[in-house]
Structures are given as structure tokens and as C-alpha cells.
Amino acid sequence: MASESVSVLFKLYCLTVMTLVAAAYTVALRYTRTVSSELYFSTTAVCLTEIIKLLLSLGMLLRETGGLGRCRSAVVSHIFRSPVELLKLSVPSVVYAIQNNMAFVALSNLDAAVYQVTYQLKIPCTALCTVLMLSRSLSRLQWFSVFLLCGGVTLVQWTPPLSTKVQVEQNPFMGFMAIAVAVLCSGFAGVYFEKVLKSSDTSLWVRNIQMYLSGIVVTLIGVFMTDGAQVMEKGFFYGYTPWVCLVVFLASVGGMYTSVVVKYTDNIMKGFSAAAAIVLSTVASVVLFGLQITVTFLTGALLVCVSIYLYGLPKQDTSRLQKPSADRDKQKLISV
């Protein structure tokens, strides 16, 4: 399953959609958390996103199996008769739920461009989790890009944008702490899900259904633990506007494409997508929120983009180059 090949056109399509969704989601979420007078409950938005992703995955599984009967058999076999697998996929769903809620907190206290650039710390975190959990190695260039990324993010935090049109009370420290938690969650959950996904031939959409079922339970608990009293008083959809619905839709589509990326794409595509999303969200912040960007901020953003590109460059697999020569040496010794 992990070895399935896809066309360049499909990768280009994924790249385009990922870039547009990431940039649009960041700006739209920022807008809904800072402009609206009746602020909606972020926990309900996260829960609704999980429900939509579950429905989308069921639709994709129905298409993949080619019939309602086969789809039902797959769901019964892998969901209801496999509680261990369901429990296994509950781990990333819990972590992703925490990550999504932290994103709301961060974007309520930081500008979209600052959030987008700082959030790229998920790359070194993911790299570390990949080395520890998947026993993979990184080249010197990739580790260099990790430190270059940290330098760029430091510049972004050291001198943040001067001012915006948003007239709400913000707490930058809380915003950066929320990003830190989201980064750790993103790195761990992404690598964990990749390990589960590529360690068996189970359908991608079955894995998604297993994860989103647990995610719905987790997020519902979060709704009633965090905003239970207010939700009961004002309603589940209090404060929802067309913009909020757009945020939920973008989050759902983004989550679906994340799973597709884990299965089919490589670091080069993800790097270009992340870098392009930074540029687009920054331009949108200037236009929509009146963001004033300093030279230091631009320098940090540039370093982040360069480091993302360098991290995505393929490294040379020296083990494959050395093995044939070693085998030839053995043959020579045997012949002698």
C-alpha cells in the first residue's frame, strides 16, 4: 500500500489544493476569531469538523468498495469487530483534537502570518519523531534546515508585526504556548498515524473512519467539559456565520488531504505547499487585517521558506550504493 505510485499530475493537484486550503483556513479562522461580535465556541467547530470528515471518509470508502454491501462489510469487519484497531487509532484522534483546539487559541492571540510561520516548527518536531519512532535517518542538509528553520522562527517571534486593524485584547505569550502544544501534537500524531497506516494493507479510508470515530467522542467530551453550560444555554451552533461554516469546511477538507499526503506524497511537496501557504496568508493578512510587516519579520519568513525547501530535498541513500560493491568484494574473496 505504501508503495503505490501516483502520477505527477496527481501530486501537483494535491500540492495546489493543500496550499490553497492551508492559506485560506488560516486567514478565515483568524477572521472569525477576531472580527465577529458573537464569538462561536471553538470546541463545537472542532467536533463538527470531525463529523464531516467521518461522513467524507464513508463516502470515499463507498466509492472505493464499489457498492453499499461491500462498504458495510468493510465497516463491520474493521470497525465493530476490531476494537483493538479502533483503540489504536484513538491515540492520534485525541492528539489531533488537542492540536485543533490549540490552533483556535493561537489564532485568537496572534496574527495569521505570525501563526503560519511559527507553526512550521512542526517540521523539526516531526523530524525528531520520525527518527525516534520510525528509525529513519536524516541527512546533514536536512538537520541544517531544521536549525535554519528555528532561526527564522526566532526572528519572527523576536520582532513581531507592529500593528493590525484588529481591535481585540490579545495575549501573545498564550498564543505562542498554544502553538508549542500544537506543534508537539502535530509531530507525534502525524508520525504515529503514518506508522499505523503503512504497517498494514488496510484501506486509508477505513483508517480514517477508525480515527474520526474516536475523534468525535473525544471532541464531544471536550465540548461539554469546556463549554458545556454555555452550549446548553445558547445552543451548539451559537455564533455560527457563513464564515464559520467556511472554516469548518476548510478544516474538514484539510484533514482529508493530510491523510492522502501521508499515503502518497513526499517531503518536497509538503515543503513547497507550506512555503506557498506562508506567502499567501501573509499577503491576505496585509490586505484584510492591515498587517504591517518589518524587515526582520520578512527575513525570518524567508529563512523559513528556504529551510522548508532544503528539508524537502531528497537525500542520497548511501546504503544502497555501498551494498553492491560490498557484495562484489565478497565474490572476489570467494573466487580467490
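## Helices and annotated spans

Helices here are DSSP runs of H or I with at least four residues, and strands are runs of E with at least two, numbered from the N terminus. With that in hand, residues 39–62 come out as 88% helix and 0% strand, and the end C-alpha atoms of this span lie 37 Å apart. Residues 12–33 are 100% helix and 0% strand, with 32 Å between their end C-alpha atoms.

This is a predicted model, where local features need pLDDT of at least 70 and side-chain atom pairs count only at pLDDT 80 or more, while totals for chains, interfaces and linings use all residues. Residues are numbered from 1 along each chain as its sequence is written.

Both spans are among those that an unreviewed UniProt entry lists as "transmembrane region"; such annotations may be inferred rather than shown by experiment.

## The second largest pocket

Let's turn to a pocket (an open set of points on a 1 Å grid where a 1.4 Å probe fits, with protein on both sides within 12 Å along at least five of seven lines; lining residues have an atom within 4 Å of a point). The second largest one holds about 260 Å³ of space, the volume being that filled by probe spheres set on the points.

Its lining has 13 residues, and M60, W205, M256, Y257 and V260 lie nearest the centre. Helices α1 (8–34), α2 (42–65), α9 (204–234) and α10 (242–264) each supply at least two lining residues, and α10 gives the most, with 6.

Conventions: Side-chain values use heavy atoms; hydrogens and water are left out.
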